[in-house]
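Hi everyone, thanks for coming. I'll walk you through a few spots in this one, so have a look at the picture first.

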Amino acid sequence: DYAGGGGWYKDSVTVSFTANGDPALSDGSPGSGVNEATLSAPQTFATDGSHTASGTVSDNAGNASSPGTLAVQVDATPPSLHIGCPSQALFGATSATASVTASDGQSGLAQDPSGTVPIDTSTVGPKVTTRTATDNVGHETTASCTTQVVYSKVITASSAKALVVKAGEAVELASGAKVSANVTVKAGGALDIEGGTVSGTVVATGANAIRLCGARVTGALTISSAIGPVAVGAVGCAGNMIYGKTTIKNNHGRVTASGNQFENSVVVKENTNGVNVVGNQIAGALTVLGNTGAVVDRPNTVDGTSKIQ
């Protein structure tokens, strides 16, 4: 089943023997002939490792042959696979990873998933990491682990104070909650507005992640230099109502702005990991320029001028 490393058989191998004739005697006369009834029976090996099959046959005079031998290797065991995940990770965390270790003591690995796997922290909830190891004869082992992505703080009530999300914090502004002041997200922080209202501006610089779903923002929305994903409306995420100017600039994670109502101009530029700006109603101008990666910027309904890639 696999010729590398001396050859390996999957699960089991049966070695059979055949007679190779009876040589002539020293004076050239024929021997007594082979007694087929004395031929060794087939031998089956079904455990891991190297095995030696050995068989003989006798002639009709009772003389036994020297043994005929053959070494064979059997791989009867799937690979070993372990995945370790943190039990929890914060929304937007950039360092959350699963550790994968795979090995195979017989034929070796054809597919080795060993290493670290980033955990998706762009939304909260259980995140399952699954990997498969395959050995060279086709055995597979699949393992998984689960990490619960959570917020460090959830705001459900109304507040007249400005909200500052600091580095290492992951804050949700829940449905029905209202901040009657400005919201600032500092570098290393993460904000998810899930149906909440901000009666002021939202400014995020260097955030780990920004997500707005069903949000209402009366002031300007400015998101720049984010490390992780930026989602202002997305698949499975309700569109937002943004009254002030929206600027999404120089972000390093994937940028999505989908299904929103913008009552002012929208600028999406110089983002480095692709953008998806579609299905928006824009009362002002739309500018989508200087972005790298995959860029999708239509269709949108724009009342003002459009400058798109």
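So, in what order do the three strands of the open sheet sit? Before I answer, keep in mind that what you see is a predicted model. Okay: the order is S1-S7-S5, and the pairing is mixed. Strand S1, residues 9-10, and strand S5, residues 49-55, are at the edges with a single partner strand each, so each has one side with no neighbour in the sheet. If you zoom in on S1 and strand S7, residues 68-75, you'll find them paired in the parallel sense over two bridges. Lys10, for instance, has Asp75 in S7 as its bridge partner.

Next, the pocket. The largest one has a volume of about 160 Å³. It is lined by 13 residues, and the ones closest to its centre are Thr18, Ala19, Gly55, Val57 and Ser65. What kinds of residues make up that lining? Five are nonpolar, eight are polar, and none are charged.

Now let's jump along the chain to strand S24, residues 209-213. Is S24 largely enclosed or left open? Enclosed: five of its five residues are buried, so the rest of the structure largely surrounds it. Both faces are covered, with Ala209, Arg211 and Cys213 buried on one side and Ile210 and Leu212 buried on the other. Yes, that list includes an arginine.

And who pairs with S24? Strand S21, residues 190-194, runs parallel to S24 and pairs with it over five bridges. There, Asp192 is matched with Arg211. S24 is also joined by three bridges to strand S27, residues 230-232, again in parallel. In that pair, Ile210 has Val230 as its bridge partner.

Last bit: the backbone oddities. As a rule, most residues other than glycine have a negative phi, and most peptide bonds are trans. So where are the exceptions I picked out?

Ser225 isn't a glycine, yet its phi is positive, about 60 degrees. You'll find Ser225 in the loop between strand S26 (221-224) and S27, and it is partly exposed, at 25% relative accessible area. Glu270 also has a positive phi of about 60 degrees without being a glycine. Glu270 is in the loop between strand S32 (266-269) and strand S33 (275-278), partly exposed with a relative accessible area of 39%.

Finally, there's a cis peptide bond between Arg298 and Pro299, with omega about 5 degrees. Pro299 is in the loop between strand S36 (295-296) and strand S37 (301-302). That's me done, thanks!

Key. Residues are numbered from 1 along each chain as its sequence is written. This is a predicted model: local features need pLDDT of at least 70, side-chain atom pairs count only at pLDDT 80 or more; totals for chains, interfaces and linings use all residues. Side-chain values use heavy atoms; hydrogens and water are left out. Two strands pair if DSSP finds at least two bridges between them. Helices (H or I, at least four residues) and strands (E, at least two) are DSSP runs, numbered from the N terminus. On a 1 Å grid over the protein atoms alone, a cavity is a set of points where a 1.4 Å probe fits but cannot get out, and a pocket is an open set with protein on both sides within 12 Å along at least five of seven lines; lining residues have an atom within 4 Å of a point. Grid points are joined across faces, edges and corners, and a volume is the space filled by probe spheres set on the points. Ala, Val, Leu, Ile, Met, Phe, Trp, Tyr, Cys and Pro count as nonpolar, Asp, Glu, Lys and Arg as charged, and the others, Gly among them, as polar. Buried means under 20% relative accessible area, exposed over 50%, partly exposed in between (1.4 Å probe, protein chains only).
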